[in-house]
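Colleague: I should like to go through this structure with you, one question at a time. Please give the reasoning before each answer.

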Amino acid sequence: MITLTHYLVVATIMFAVGLVGVMRRKNLLMLFFATEILLNAVNVALAAISNAYQDLTGQMFAFFIIAIAASEVAVGLGLLIVWYKRKNRLDLDELTTMNG
Amino acid sequence: MEIFLYIALFAPLVSSLSAALFGAKPKILAVGIWASALLFTSFVSAVILLINVIQTGNVVHVEMMQWISAGDLYIPFGFVVDQVSATMMLVVTLVSTIVHVYSIGYMENDKGFNRFFSYLSAFVFSMMVLVMSDNFAGLFIGWEGVGLCSWLLIGFWYHKESATWAANEAFIMNRIADLGMLLGIFLIYWNVGSIQYDVVFAAASGLEADILMWIGILLFIGAMGKSAQFPLHPWLADAMEGPTPVSALIHAATMVTAGVYLVIRANPIYAEIPDVGYFIASLGAFVAIFAASMALVNRDMKRIIAYSTLSQLGYMFVAAGLGAYWVALFHLMTHAFFKALLFLGAGNVMHAMHDELDPYKMGRLYPVMKGTAILMIVASVALAGIYPLAGFFSKDKILEVAFSGEHYILWGTLWVTAGLTAFYSFRLIMLAFFGEKENYKDHGIHPHEAHKYMLYAMSPLAVLAVIAGFFEHTFVHYVNKLLPSFEFHTHHVEMILIIVTSLMAAGGIAVAVLLYRKGRISEKWEQTFVYKMLINQYWIPHFYDVAFIKPYRELSTIFWKKIDLKIVDATVDGIARTFYATGEKTRNMQSGNLSVNLRWMVAGVMVLLIAVFIPTVWNWAIDVYMTYLSKVK
């Protein structure tokens with residue numbers, strides 16, 4: 001029997017994976033993947049809890065997150081392509097124009 | 001009638017605001033004329049209101065709008081025109097209209113011409129609020145308003161060090177007294193639950209004697225400041241630094257009488273506490289002779305008149321303190337007329353003498369300035385209390401009041417003061433206008449008479465100073481509808497008293513005329529101790545300087561050097577330095593590298609998570625410990 005706890009454990013593991021990816025990756029594209037993992041970890045948790053409580057709000061939220069993630073990726077990828085065309089690389093360490 | 005009330009009240013405000021528009025501009029004659037016209041409108045409205053009150057006896061009472069309404073506290077902007085306030089309004093608007101017209105001439109060469117009219121009208125507005133308000137809060141607003149305008153006008157020539165000093169002195173001394181008054185008002189509200197006059201006065205007789213006594217004393221402390229009674233008196237003489245029309249309007253006719261007005265207005269309170277009343281009367285008598293003695297030797301024309309004002313205020317307080325409120329109000333009114341006249345006359349002389357105020361440097365000005373001289377002599381005769389001028393009727397009544405209550409010491413003091421008053425008034429007249437030598441020629445001054453219209457503007461005051469006394473019976477009859485009547489027990493000796501007092505006044509005049517007929521008297525007298533004591537104002541300003549001002553300055557220096565610089569400033573600077581240092585240290589964090597930023601973000605999330613979990617862990621630990629404890633037991 002798969003209980004809510006199982007789902008939450010999976011979500012936590014996914015979140016941890018995403019977090020490590022966000023911290024460690026130097027390639028912008030990989031960073032995007034890591035963020036997607038983070039978002040979907042939350043989605044899994046939301047859907048599971050929503051199912052457990054028999055309340056649709058959580059699943060609705062998950063849908064919204066998917067939609068927003070999609071649009072975000074669309075914008076992000078666009079910028080990423082422009083960046084790649086200029087530099088031929090996607091190394092984060094070279095992206096320090098906001099140095100304070 | 002309400003419309004006249006509003007016109008009388010707000011015309012000065014309109015005048016002040018419109019003059020203020022041109023405050024920084026060079027002189028515009030129209031500003032002065034416009035202000036005078038508005039003040040005249042206010043005066044006409046006041047006359048209409050007065051006639052209405054006399055004829056119908058109806059009190060006009062309006063509530064313009066709510067001011068404070070919170071819980072049980074309800075204070076409206078309410079105004080009342082009854083017998084007392086109508087009289088005050090008449091005095092205030094009349095004198096101020098004349099002073100406005102006079103100032104057009106007096107200030108004609110002053111850079112601050114427009115500003116002067118703005119302040120002067122603002123003063124009149126504050127004074128109207130003071131006398132017309134139907135509650136203590138409104139009175140207090142007016143009270144502070146006139147204080148502010150007095151400060152502005154004493155320090156009108158702010159480039160003069162002495163003027164700004166005098167302005168601050170007046171303001172600070174009045175603040176001390178105002179604290180007393182404010183406490184009195186609080187005490188009234190605390191015990192009565194309202195500060196509307198009618199409510200308070202209706203409840204006055206039901207209050208405990210102690211509380212009533214404190215209310216009386218505290219309100220009188222306020223009156224002492226505004227009316228410059230001992231020991232808060234030195235500011236009035238120093239206030240003469242202001243332009244002379246200001247001295248005439250504020251420091252003779254209106255503002256300084258506000259204290260007397262307060263005692264008259266609060267008569268239901270003071271009627272319950274005759275002991276406080278007796279104290280007021282005694283202080284008044286003391287101030288009367290004390291100030292008159294200082295006026296005897298002074299060598300500054302305006303200061304002599306200022307001490308005279310102090311002395312006359314003392315007279316008013318004697319009458320008010322002994323319960324003869326209408327007599328006090330009557331003397332207030334007549335005094336306003338002749339004292340304003342005297343001051344305006346002094347202004348003419350001052351102008352003629354190019355701001356020289358020492359009467360020893362004048363002498364034989366009569367041939368040059370006949371008009372001014374006659375007006376000033378009329379005012380001085382009225383001040384001295386010679387029949388049939390106004391001062392005779394009002395001052396004589398005060399002496400009668402003192403005699404009637406069998407307060408022979410007070411009577412004696414006032415009687416002597418009457419002689420001194422006559423003496424110093426005529427000493428001034430003789431020194432300035434008569435004598436043998438034209439001393440001003442030694443100082444290269446060419447005096448000239450003031451403008452014709454200035455003399456015409458002063459003449460109504462002269463007429464009133466002559467005839468006002470004959471309205472005594474009308475005045476008593478109408479004012480006693482509001483004020484308690486006073487029973488004189490002196491009918492058997494009335495004529496004797498009048499003769500004795502008149503002889504004293506006439507004697508004072510005669511001595512002055514004889515002594516000073518040739519100008520300055522021998523200078524040996526100036527070496528005596530008495531002379532030095534009087535010219536130094538009994539060393540009271542000196543004493544204040546040593547006892548209060550210097551220690552306060554020392555204390556301030558200590559606080560500045562030790563506490564402000566070393567503790568307060570150090571703390572504030574320390575906080576600022578911490579922020580700077582933190583900023584310098586942490587700016588490395590902002591390397592612009594997204595990867596580093598993200599790591600910081602994750603670290604932040606971790607901190608927040610831990611912060612969320614700490615209370616949970618803490619509660620869990622306490623639970624465990626509790627179960628452990630219960631198990632041990």
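Modeller: Two residues are in contact if their C-beta atoms, placed from the backbone, lie within 7 Å. The model is a predicted one.

Colleague: Which residues of H14(B) are met by residues of H10(B)?

Modeller: On the side of H10(B), the residues concerned are B:Thr244, B:Ser247, B:His251 and B:Ala252. By class, the contact of the two helices holds two nonpolar, four polar and one charged residue. The partners in H14(B) are B:Lys302, B:Ala306 and B:Thr309.

Colleague: Are H10(B) and H14(B) roughly parallel or roughly antiparallel?

Modeller: The axes of H10(B), residues 244-253, and H14(B), residues 301-321, come within 11 Å and cross at roughly 10°. Angles under 35 degrees count as roughly parallel. The two helices, H10(B) and H14(B), are therefore roughly parallel.

Colleague: How is H1(B) oriented to H2(B), roughly parallel or roughly antiparallel?

Modeller: Helix H1 of chain B spans residues 2-21 and helix H2 of chain B residues 29-56; their axes come within 8 Å and cross at roughly 170°. An angle over 145 degrees is the criterion to apply here. H1(B) is therefore, relative to H2(B), roughly antiparallel.

Colleague: How many charged residues does the contact of H1(B) with H2(B) have?

Modeller: Among the contributors from H1(B) are B:Phe4, B:Leu5 and B:Ile7, and those from H2(B) include B:Trp34, B:Leu38 and B:Ile48. By class, the contact has 16 nonpolar and five polar residues, and the number of charged residues is no more than none: no charged residues.

Colleague: Which helix gives the most to the largest nonpolar core?

Modeller: The largest nonpolar core has 208 residues, and B:Ala340, B:Leu341 and B:Ala465 have the most contacts inside it. The greatest contribution, 19 residues, comes from residues 325-352 of chain B, which form helix H15.

Colleague: With which residues is B:Leu341 in contact, leaving aside its neighbours within four places in sequence?

Modeller: B:Leu341 belongs to the residues with the most contacts inside the largest core. Its contacts beyond those neighbours are B:Leu375, B:Ala379, B:Met458, B:Leu461, B:Ala462 and B:Ala465.

Colleague: Does H3(A) lie largely in the open or largely buried?

Modeller: Helix H3 of chain A, residues 57-87, reaches 44 Å from its first C-alpha to its last, close to the 45 Å expected. Of its 31 residues, the number buried is one, so H3(A) lies largely in the open.

Colleague: How many residues does the contact between the chains take from chain B?

Modeller: Chain A supplies 12 residues. By class, that side has six nonpolar, four polar and two charged residues. From chain B, the contact takes 10 residues.

Terms used:
Residues are numbered from 1 along each chain as its sequence is written. Chains are lettered from A and ligands numbered from 1 in the order in which they are written. This is a predicted model: local features need pLDDT of at least 70, side-chain atom pairs count only at pLDDT 80 or more; totals for chains, interfaces and linings use all residues. Helices (H or I, at least four residues) and strands (E, at least two) are DSSP runs, numbered from the N terminus. The expected span of a helix is 1.5 Å times one less than its number of residues. A residue is buried if 20 or more other C-beta atoms lie within 10 Å of its own, exposed if 12 or fewer, and partly exposed in between; C-beta atoms are placed from the backbone. A nonpolar core is a set of buried Ala, Val, Leu, Ile, Met, Phe, Trp, Tyr and Cys residues joined through C-beta atoms within 7 Å. Ala, Val, Leu, Ile, Met, Phe, Trp, Tyr, Cys and Pro count as nonpolar, Asp, Glu, Lys and Arg as charged, and the others, Gly among them, as polar. Axes are lines fitted to C-alpha atoms, for helices over the stretch in contact, and angles run from 0 to 180 degrees between N-to-C directions. Angles under 35 degrees count as roughly parallel, over 145 as roughly antiparallel, 65 to 115 as roughly perpendicular and the rest as oblique.
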